[in-house]
Amino acid sequence: MKGGKPDGLTGLTIEQLGEGYQRGDFSPTDVVCAYLARIEQTDGVIGAFLSVLGEHALGEASALERGGYDGRPLWGVPVAVKDNICTRGLPTTAASRILEGYRPPYDATVVERLRDAGAIIVGKTNLDEFAMGSSTENSAFGPTGNPWNPACAPGGSSGGSAAAVAGEMAAIALGSDTGGSIRQPASFCGVVGLKGTYGRVSRYGLIAFASSLDQIGPFARSVRDCAIAMQAIGGHDPRDATTIPGGAPDLLSSIEEGFAGLRVGCPAALGDWEMDACVRDAARRAFDGMEADGATVEEVVLPDPEVSIACYYVLANAEASSNLARYDGVKYGLRVEGRDLAGMYENTRGEGFGDEVKRRVLLGTYVLSAGYYDAYYAKAQRVKAMMCERYERLFEDLDLIALPTSPTPAFRLGERVDDPIAMYLSDIFTTAANIAGLPAISVPAALSPDGLPLGMQLVAAAGREDLLMRGARAMERIFRFRETHPRPGGDAS
C-alpha cells in the first residue's frame, strides 16, 4: 500500500475502489483487511454472516495483486453471497439444518461471473431457511439484526446480505427474490436492492424455493453500484433454460438522464392501502419529486395487492412442496435413521426442517392434492395470467410504476414470529413483480420517526431494466439518503 492506510475504505463505491486501485492508493489486500476488520467489529451484534471466508478472500486478493489491475468491473470488490447460492468447496446451507455441512462441488453461474469480473467473496450471509420468510428469523442458525437498530429485523429472506451492505461489511452482496426477498430487506436496511426481469439472471446453482418466481439480484449502497453488479451477473446461461437470450443489458449509459420525459404511474388506491403514515408521506414526496424532475405522474389502478399476495402464497408454497421433496436423507444433507425407509424420510425431514418450512410444505402439498388442485393451484395460475395481462396493458402507456416497498419500516425481532399472516403481509407490495416476472428495485428514501429506513419501489416493463435504473438513480438524487443520513453502526474502518 502506498501513502499509509487510507480512511473509509469500506465506504467507497465500486467506481471509487477502481479509481483508487488504478492510482495505487491501496491494494485489494488493504481493502479486504478493512472489510474483515469491519466484520470482526460489527458482526458479533448483527449476525449477517453464516461463514466469513477470511483466508479465502485474502488469497483471492493476493492473486489479483500478482496479476495487476486489469480494469474488470468488479476487480478487487469485496462481495457477500447469500447462503442459498452454491459456492464450490465452501459452506452452502440455505440456513437449514438439513444442509448443514454441505459444500457444493460447483459454483453457481452468478458466482462464476462474480469471479470472472474480479470480485472477492468475503463470506456467505444469513437468510430465512430456504428463503422462506420476511425477517431472517427463520434461520436455523439464529436471527440477523438490523444495522440501524439491532433489536429490529433486517427484513427477509435476504436479511444477511442487506445487513452486510448496510453495515459496510461488504461493498455489494447477492440475494434472491421470490416475493420481495431482496427489495423488502433493502428497504428495511437503507440500501438499494434489485431483482431483474424473470430470466435476466441465471438461477443455475441457486437452491430452489419456487422456481417460477426465484430470481438472484444485487444489493448495493448506490444505484450505480447496483447497475454495475447487475451487468456483471446478468445474461443468458445455457445451463438455465429460463434465461433471456443475449447478454446483460447496458444499464449505465442512460442512468443519469433523470425522469425527464418518463411516464410514471402511482397507485390510485394509495390512500386506501394499509401502511404507516411515514411510508405514505415518503411515497407522496417521491411522486412530487418525480414531477419536479420532469416526469409525468398519473394515478393508475394496479392489481389489488391483497389478491397478489394470496396468489403468491398458493403458487410459491406449491412449488416449495415439490422442490423440497428432494431433501429426504438419501442423496445429500442430513440423514436421520428410522425403523424403515418411510421412518427415515419422516425423521430426516422432521428434524432437518424448521417450523416455517414445514408449514409451507404442508400448505403447498395441500393445494396440490387431489380435490383441491383446481380450487387453489389452478385458480392461482388463472389469477397470475390476469395479473400479467393487466401489467402488460399498463406498460403500454407507462414507463415506470412507483409505490412503497413495504407498508412499514423494520419491525422488532420477535414481534411477528407467532403471527404468520402479519409476517406475510410485509411483502404485500412486492409480490406482484415476481408473479408478473417484472424488474423492480427498492431505493432508500427517508427515515421513520424512530430512525429506521424506508424504501420506495420502482417497477418497469419486462426487459426494461435500463429505464428502471434511470428512474432509480433519479430517485436517489431526489432523496439523497446516503448524503443526508449517517451510516448505521458507527464509523467505517
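In the predicted model, R359 touches P420 and Y424, leaving aside residues up to four places away in sequence. R359 sits in helix α11, and its side chain forms a polar contact of 2.8 Å with that of E356. With a relative accessible area of 31%, R359 is classed as partly exposed, because this value falls between the limits of 20% and 50%. R359 and I233 are 126 residues apart along the chain, and their C-alpha atoms are separated by 33 Å.

Confidence in the prediction was examined for the chain and for one stretch of it. The mean pLDDT of the chain is 95, and 97% of the residues reach 70 or more. Over residues 1–6, by contrast, the pLDDT is below 50. This stretch has 8 contacts in the model beyond near neighbours in sequence.

The largest nonpolar core is made up of 151 residues. L74, F130, M290 and Y391 are the residues with the most contacts inside this core. Helix α9, residues 305–323, supplies the largest share of the core, with 9 residues. A second core, separate from this one, has 9 residues, among them W148, F188, L452 and F481. The surroundings of L74 include residues from several parts of the sequence: leaving aside neighbours within four places, L74 is in contact with I14, L114, A117, G118, A119, I172, I228 and A232.

One of the contacts of L74, L114, is also among the buried residues of helix α4 (residues 109–116). The buried residues of this helix are T109, V110, V111, R113 and L114. Their cover includes the strands β2 (78–82), β3 (120–125), β4 and β6 (215–220), together with helix α7 (223–233). D116 also lies in α4, but D116 is exposed, because its relative accessibility of 57% is over the 50% limit. The C-alpha atoms of D116 and G47 are 29 Å apart in space, and the two residues are 69 apart in sequence. After α4 comes G118, which has a positive phi, near 95 degrees; G118 is another of the residues in contact with L74.

Helix α12 covers residues 373–397. At 1.5 Å a residue, its 25 residues should span 36 Å, and the C-alpha atoms at its ends are 36 Å apart, so the expected and modelled values agree. The helix nevertheless has a kink of about 25 degrees, centred on K379. Residues of α12 that are buried are Y377, A378, A380, K384, M387, Y391, L394 and F395. One of them, Y391, is among the residues with the most contacts inside the largest nonpolar core. The buried residues of α12 pack against three helices, α9, α11 (355–368) and α14 (431–436), and against the strands β8 (296–300), β9 (400–404) and β11 (453–460). Helix α11 is also the helix that holds R359.

T178 occupies the loop between β4 (172–177) and α6 (183–189). T178 has a relative accessible area of 1% and is therefore buried, being under the 20% limit. Its side chain is joined to that of D214 by a polar contact of 2.6 Å. Apart from residues up to four places away in sequence, T178 touches F209, A210, L213, D214, Y312 and N434.

Several backbone features were found in loops. In the loop between β3 and α5 (159–166) lies S157, and the peptide bond leading from G156 to S157 is cis, with omega near 10 degrees. A131 has its place in the loop between β3 and α5. The phi of A131 is positive, near 65 degrees, in a residue other than glycine. A131 counts as buried because its relative accessibility is 3%, under the 20% limit. E168, in the loop between α5 and β4, also has a positive phi, near 55 degrees, and is a residue other than glycine. At 0% relative accessibility, E168 is under the 20% limit and so counts as buried.

Terms used: Residues numbered from 1 in each chain as written. Predicted model: local features only at pLDDT ≥ 70, side-chain atom pairs only at ≥ 80, totals over all residues. Heavy atoms only, no water. Core = buried A, V, L, I, M, F, W, Y, C linked by side-chain atoms within 4.5 Å. Buried < 20%, exposed > 50% of the residue type's maximum accessible area, 1.4 Å probe, protein only. Helix = DSSP H or I, 4+ residues; strand = E, 2+ residues; numbered from the N terminus. Contact = heavy atoms within 4.5 Å. Polar contact = N/O pair within 3.5 Å; in protein donor to acceptor, adjacent residues only side chain to side chain. pLDDT = per-residue confidence, 0-100. Expected span 1.5 Å × (residues − 1). Bend = angle between axes of the 7 residues up to and from the residue.
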